[in-house]
Amino acid sequence: MTKLSSPLFTRVSTRYHARATENHAWERMVALRMSKMDACPALVLNADFQPLSYLPLSLWSWQEAVKAVFMDRVNVVSEYDFIIRSPTLEMRLPSVISLKEYVPTAPRAAFTRFNVFLRDGFTCQYCGTRLPAHDLTFDHVVPRSKGGRTTWDNVVAACGPCNMRKANRTPREASMPLRKPAIEPTAHWLRNVGRSFPPGYLHESWRDFLYWDVELET
């Protein structure tokens, strides 16, 4: 009977731990490579070479972009230096792609919480404080308890303190006038407003296709 302290057991144990270490190193390398690839989204342009949207910026993951390339739905306009390989092909990840078929812009803007904040410039419509979207609230100008509806012309962005102060009252009752009337924006107008809020990161290959209304950092 072989004892656990025998040379045979020691060699087997050593090989097992060495293989486990190699596997762990390989898994870490694969995870690192995948994280780098995930940091390579593609800017998506319409067939007229205009971004599908500015805010949020029209970006596809590298997986979506590569799939669209192979389905012949897009043209590759620019590429990253990052290369992916398979047994049968090698290609650079697309950094900018354009649709082969033009997608018309919807005439009406989608009525969403984010688009309300965008329409209002991410600014409280009572005190004028600009805040990130997660710090804004969705306020009914005429409270629903008083017959107010959830529509473009009755909903505005508000900071938490103003929303609580206004409570279940109209702006007149609370002596809190709106900074501007709440209106329904067109999709085109909302798209242009989005150009005032460039994202924190812009890949250099995107800049030739994006036109912002603020000065960009170089």
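Where is F49 found? F49 sits in the loop between β1 and β2, and I will come back to that loop after some background.

This is a predicted model, in which local features need pLDDT of at least 70, side-chain atom pairs count only at pLDDT 80 or more, and totals for chains, interfaces and linings use all residues. Residues are numbered from 1 along each chain as its sequence is written, and side-chain values use heavy atoms, with hydrogens and water left out.

First, the overall picture. The protein has six helices and six strands. Helices here are DSSP runs of H or I with at least four residues, strands are runs of E with at least two, and both are numbered from the N terminus. Read from that end, the order of elements is α-β-β-α-β-β-α-β-β-α-α-α. Of the 218 residues in the protein, 36% are buried. Buried means under 20% relative accessible area, exposed means over 50%, and partly exposed is in between, with a 1.4 Å probe and protein chains only. Among contacts with a separation of 6 or more, 59% join residues 24 or more positions apart; a contact means heavy atoms within 4.5 Å.

Now the sheet. Four strands make an open sheet, ordered β2-β1-β4-β3, with mixed pairing. Its edge strands are β2 and β3, each of which pairs on one side only. Two strands count as paired if DSSP finds at least two bridges between them. In general, strands of a sheet pair through backbone hydrogen bonds, either parallel or antiparallel.

Strand β4 is worth a longer look. It covers residues 90–99, and eight of its 10 residues are buried. What is the sense of its pairing with β1? Strand β1, residues 42–45, pairs with β4 in the parallel sense, over three bridges. In that pairing, L45 stands opposite S98, and L43 has V96 as its bridge partner. Strand β3, residues 74–85, pairs with β4 in the antiparallel sense, over eight bridges. Here S78 is partnered by V96, and I83 by R92. So V96 in β4 is a bridge partner of L43 and also of S78. β3 and β4 form a hairpin, with four residues between them.Next, the largest pocket. How much space lies in it? The volume is about 430 Å³. A pocket is found on a 1 Å grid over the protein atoms alone, as an open set of points where a 1.4 Å probe fits, with protein on both sides within 12 Å along at least five of seven lines; lining residues have an atom within 4 Å of a point. Grid points are joined across faces, edges and corners, and the volume is the space filled by probe spheres set on the points.

The lining of the largest pocket has 24 residues, and L52, S53, T105, A187 and R191 lie nearest the centre. By class, 15 of the lining residues are nonpolar, six polar and three charged. Ala, Val, Leu, Ile, Met, Phe, Trp, Tyr, Cys and Pro count as nonpolar, Asp, Glu, Lys and Arg as charged, and the others, Gly among them, as polar. Helices α3 (113–119) and α6 (187–194) each supply at least two residues of the lining, and α6 gives the most, with four. Domain 1 (36–99) and domain 2 (106–187) each contribute at least three residues to the lining; the bounds come from an automatic or database domain assignment.

One of the residues nearest the centre is S53. S53 is in the loop between β1 and β2 (59–60). Is S53 buried or partly exposed? S53 is partly exposed, at a relative accessible area of 23%. Leaving out residues up to four places away in sequence, S53 touches S58 and R191. S53 and T105 are 52 residues apart in sequence, and their C-alpha atoms are 9.5 Å apart in space.

That brings us back to F49, found in the loop between β1 and β2. F49 is partly exposed, with a relative accessible area of 39%. Most residues other than glycine have a negative phi. F49 is not a glycine, yet its phi is positive, at about 65°. D72 is not a glycine either, and has a positive phi of about 60°. The place of D72 is the loop between α2 (62–70) and β3.
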